[in-house]
Amino acid sequence: MKKKIMLVASSGGHWIQLNRLTSVFENNNHDLLYVTTLKFNREQVNNNAFFLVPDADRCNKLKIVMLAWKMFWLLVFQKPNIVISTGALPGFFAIFFGKKMGAKTIWLDSIANSQKLSMSGEKAGKYADLWLTQWEHLAQPEGPHYYGAII
């Protein structure tokens with residue numbers, strides 16, 4: 001059955017890691033919706049749907065609210081079956097709202113977080129149906145789980 005899959009990541013390393021996963025979905029004829037914070041990333045998604053959200057971090061409360069609002073409405077209007085994120089804050093909101101709206105959710109914590117989980121990953125893990133880390137020593141029985149790294 002064809003699924004609508006929303007793939008969400010901040011620009012930079014999170015975006016690179018997310019794109020290393022996409023061949024799995026593109027080869028299975030799913031509808032892919034890419035969401036990120038940098039318009040130049042549109043060039044990397046072929047003819048798939050592409051959406052921009054504001055870039056925000058914990059230091060700018062107004063941008064956080066704007067990001068959350070935009071992500072909420074994207075999920076309301078797009079209605080993905082599955083939400084997948086490699087981080088950071090846009091991914092947290094996608095997982096949080098996606099789960100509340102009935103989507104299956106997957107969080108893959110950044111490989112850059114080798115000593116501890118990312119702040120977004122710690123928070124998103126509670127809402128992810130599948131919560132993953134790329135570092136074996138960070139895996140826990142209740143999650144995140146380790147099945148290998150993508151970089």
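Colleague: To begin with one residue of this model, in which loop is A88 found?

Modeller: The loop between β4 and α4 holds A88. Please keep in mind that the model is predicted. The peptide bond leading from G87 to A88 deserves attention, as it is cis, with omega near -10°.

Colleague: Which other peptide bond is cis, and what is its omega?

Modeller: The bond from G143 to P144 is cis, and its omega is near 5°. P144 is located in the loop between β6 (130-133) and β7 (145-146).

Colleague: Let us turn to the helix that follows A88. How should one read the packing of α3 and α4?

Modeller: The general idea is that two packed helices are described by the angle between their axes and by the distance between those axes. In this structure, helix α3 (residues 61-78) packs with helix α4 (residues 89-100) at an angle of about 45°, and the axes are 9 Å apart. That angle makes α3 oblique to α4. The crossing of the two helices is right-handed.

Colleague: Which residues of α3 and α4 make the contact?

Modeller: On the side of α3, the contact is made by I64, L67, A68, M71, F72 and L75. On the side of α4, the residues are L89, P90, F93, A94, F97 and G98. By character, eleven of the contact residues are nonpolar and one is polar, while none is charged.

Colleague: How many of the residues of α4 are buried?

Modeller: A residue counts as buried when its relative accessible area is under 20%. Nine of the twelve residues of α4 are buried, so this helix is largely enclosed by the rest of the structure. The buried ones are L89, P90, G91, F92, F93, A94, I95, F97 and G98. Their cover includes β1 (4-9), α3, β4 (82-87), β5 (104-108) and α5 (119-124).

Colleague: What span should α4 have, and how far apart are its end C-alpha atoms?

Modeller: At 1.5 Å a residue, the twelve residues of α4 should span 16 Å, and the end C-alpha atoms are 17 Å apart, which agrees. Just after this helix, G102 takes a positive phi of about 95°.

Colleague: Which residue that is not a glycine has a positive phi of about 50°?

Modeller: That residue is K79, which lies in the loop between α3 and β4. With a relative accessible area of 58%, K79 is exposed. N46 is not a glycine either, yet its phi is positive, at about 55°. N46 belongs to the loop between β2 (31-36) and β3 (49-52). At 57% relative accessibility, N46 counts as exposed.

Colleague: Is Q78 buried or exposed?

Modeller: Q78, a residue of helix α3, has 18% relative accessibility and therefore counts as buried. Neighbours within four places in sequence are set aside when its contacts are listed; the partners of Q78 are then K4, M6, L33 and F51.

Colleague: Which residues does T22 touch, not counting those up to four places away in sequence?

Modeller: T22 touches L7 and Y34 on that reckoning. T22 is part of helix α2 (residues 22-26), and at 6% relative accessibility it counts as buried. T22 and Y34 are twelve residues apart along the chain, and their C-alpha atoms are separated by 10.0 Å.

Terms used. Residues numbered from 1 in each chain as written. Predicted model: local features only at pLDDT ≥ 70, side-chain atom pairs only at ≥ 80, totals over all residues. Heavy atoms only, no water. Axes fitted to C-alpha atoms, helices over the stretch in contact; angles between N-to-C directions. Helix = DSSP H or I, 4+ residues; strand = E, 2+ residues; numbered from the N terminus. Parallel < 35°, antiparallel > 145°, perpendicular 65-115°, else oblique. Left-handed = near helix turned anticlockwise from the far one by under 90°. Contact = heavy atoms within 4.5 Å. Nonpolar A, V, L, I, M, F, W, Y, C, P; charged D, E, K, R; others polar. Expected span 1.5 Å × (residues − 1). Buried < 20%, exposed > 50% of the residue type's maximum accessible area, 1.4 Å probe, protein only.
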